[in-house]
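Please work through the exercises below with the sequence and the structure at hand.

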Amino acid sequence: MAERAGRIRTDTRELGLVAERSLDSVTRAEVLLVPGGGERGTTTTMANRVVLD
């Protein structure tokens with residue numbers, strides 16, 4: 001899942017993943033993995049209210 005369903009590209013545009021569902025369509029998850037690695041993506045996600053909520 002992601003903020004929106006569909007293809008999501010990394011900030012470098014080198015990798016794309018497909019999110020089957022959007023965040024607002026999921027009410028609970030047993031496991032939640034939030035990938036991050038580079039400073040840009042991690043810092044941006046830490047300030048993203050949609051993801052944090």
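The exercises treat the fold, the surface and one backbone angle.

This is a predicted model, in which local features need pLDDT of at least 70, side-chain atom pairs count only at pLDDT 80 or more, and totals for chains, interfaces and linings use all residues. Residues are numbered from 1 along each chain as its sequence is written, and side-chain values use heavy atoms, with hydrogens and water left out.

**Exercise 1.** Determine the order of the elements in the protein chain.

Solution. Helices (H or I, at least four residues) and strands (E, at least two) are DSSP runs, numbered from the N terminus. The protein chain holds two helices and two strands. Read from the N terminus, the order is β-β-α-α.

**Exercise 2.** State what percentage of the residues of the protein chain is buried.

Solution. Buried means under 20% relative accessible area, exposed over 50%, and partly exposed in between (1.4 Å probe, protein chains only). The protein chain has 53 residues, and 8% of them count as buried. The C-alpha trace spans about 30 × 20 × 20 Å along its principal axes.

**Exercise 3.** Describe the backbone and the surroundings of Arg13.

Solution. Arg13 is found in the loop between strand E1 (6-9) and E2. Its phi is positive, about 70°, although Arg13 is not a glycine. Most residues other than glycine have a negative phi. With a relative accessible area of 55%, Arg13 is exposed.

**Exercise 4.** Locate Val34 in the protein chain.

Solution. Val34 lies in the loop between strand E2 (16-19) and helix H1 (39-46).
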